[in-house]
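I opened this notebook to record where empty space is left in the structure and how far the model can be trusted. The entries follow the order in which I looked things up.

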Amino acid sequence: MRGSAEVRADAALRPAPGQISSPRQRAVLEIATYGTDVGRCILAPNSKPCGGESVEGIVAEEEVSRGRRLRSWVLGHLDGIVTALVGAGVVAVAAAFIAPRPEPMCDDPGELQRVVPVPVEASSTYTEPGYEASNLIDGDLNSAWIEGMADHGEGVTLRVELPTDTDLALVCLANGWARSEALFARNATLATVEAATEHGVERRSLREKSPDELRVRQSIAIVPGRTDFIEFTLVSVHLPYEPVSGERDLALSELEFWAR
């Protein structure tokens, strides 16, 4: 029969179920439940009165059992885990490829290749030498083509022959005379233009640039696709900032053609 001291020790040291906070306490409670010598197990935890095992041994066995259960669960769900991880990787890789790339622009054409046209023909050109349509594709912003109409050049056409089967994607215009702010301010700039290829016609209105933007390029709307030519019709203009008496011509410095 157990002594009163052991009973008091049992009552004082046995953890209540709601107070269990460690593996050792759980082991002690299990020992008490199965009627092992609780007092001795609690007061002398390093001894082996409980079926030849100490509390530490029971705790260690419990931890091993937990490890085995965890391993069994992982193995049982391994296919699902691998599928989820692979799926996440596939989604991430696919997202990187599917994510839309930035639209090519005049200041950043991306992977497009610049195409140099063969000739440029204008329906009207200023009579003095040095303002020919070929200036539009010479790569020099200091030169310019100037129309030769009595007004500001509305209705003038520019026809550009491209290399055979050019996959045209972007057309950029250095609008106005980009040599200097003074020359830019005294000449008209293009306001509305139509661009025609065998795929159709697109019209675009171009915002009015200020003289300090003289070298900024503006995109001209086109119907993209493979073509051998493009023809521009100059529909309307922005009047000069500082018109000079007798000078009101439309000036354009450069056309750039970009293909895939």
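Entry 1, the largest pocket. I looked up which element lines the largest pocket most, and found that β4 gives the largest share, 3 residues. Strands (E, at least two residues) and helices (H or I, at least four) are DSSP runs numbered from the N terminus. The volume of this pocket is about 230 Å³. Of its 14 lining residues, I noted Glu103, Pro104, Ala169, Leu170 and Ile222 as the closest to its centre. Two or more residues come from each of β4 and β7 (217-220). I sorted the lining by class and recorded 10 nonpolar, 1 polar and 3 charged residues. Here Ala, Val, Leu, Ile, Met, Phe, Trp, Tyr, Cys and Pro count as nonpolar, Asp, Glu, Lys and Arg as charged, and the others, Gly among them, as polar.

Entry 2, terms and source. The search used a 1 Å grid over the protein atoms alone; a pocket is an open set of points with protein on both sides within 12 Å along at least five of seven lines, a cavity is a set where a 1.4 Å probe fits but cannot get out, and lining residues have an atom within 4 Å of a point. Grid points are joined across faces, edges and corners, and a volume is the space filled by probe spheres set on the points. The model is predicted: local features need pLDDT of at least 70, side-chain atom pairs count only at pLDDT 80 or more, and totals for chains, interfaces and linings use all residues. Residues are numbered from 1 along each chain as its sequence is written, and side-chain values use heavy atoms, with hydrogens and water left out.

Entry 3, the cavity. I found 1 cavity of 30 Å³ or more in the whole structure, with a volume of about 40 Å³. Its lining has 9 nonpolar, no polar and no charged residues, including Leu158, Phe232 and Leu255.

Entry 4, leucine 162. This residue lies in strand β4. Is leucine 162 buried or exposed? I entered it as buried because its relative accessibility is 6%, the limit for buried being under 20%. Leucine 162 stands 66 residues from aspartate 228 in sequence, yet the C-alpha atoms are 4.9 Å apart.

Entry 5, confidence. The mean pLDDT (the predictor's confidence in each residue, from 0 to 100) is 79, and 65% of residues reach 70 or more. Among the elements, I noted the lowest mean, 44, for helix α1 (residues 4-13) and the highest, 98, for β5.

Definitions and conventions: Buried < 20%, exposed > 50% of the residue type's maximum accessible area, 1.4 Å probe, protein only.
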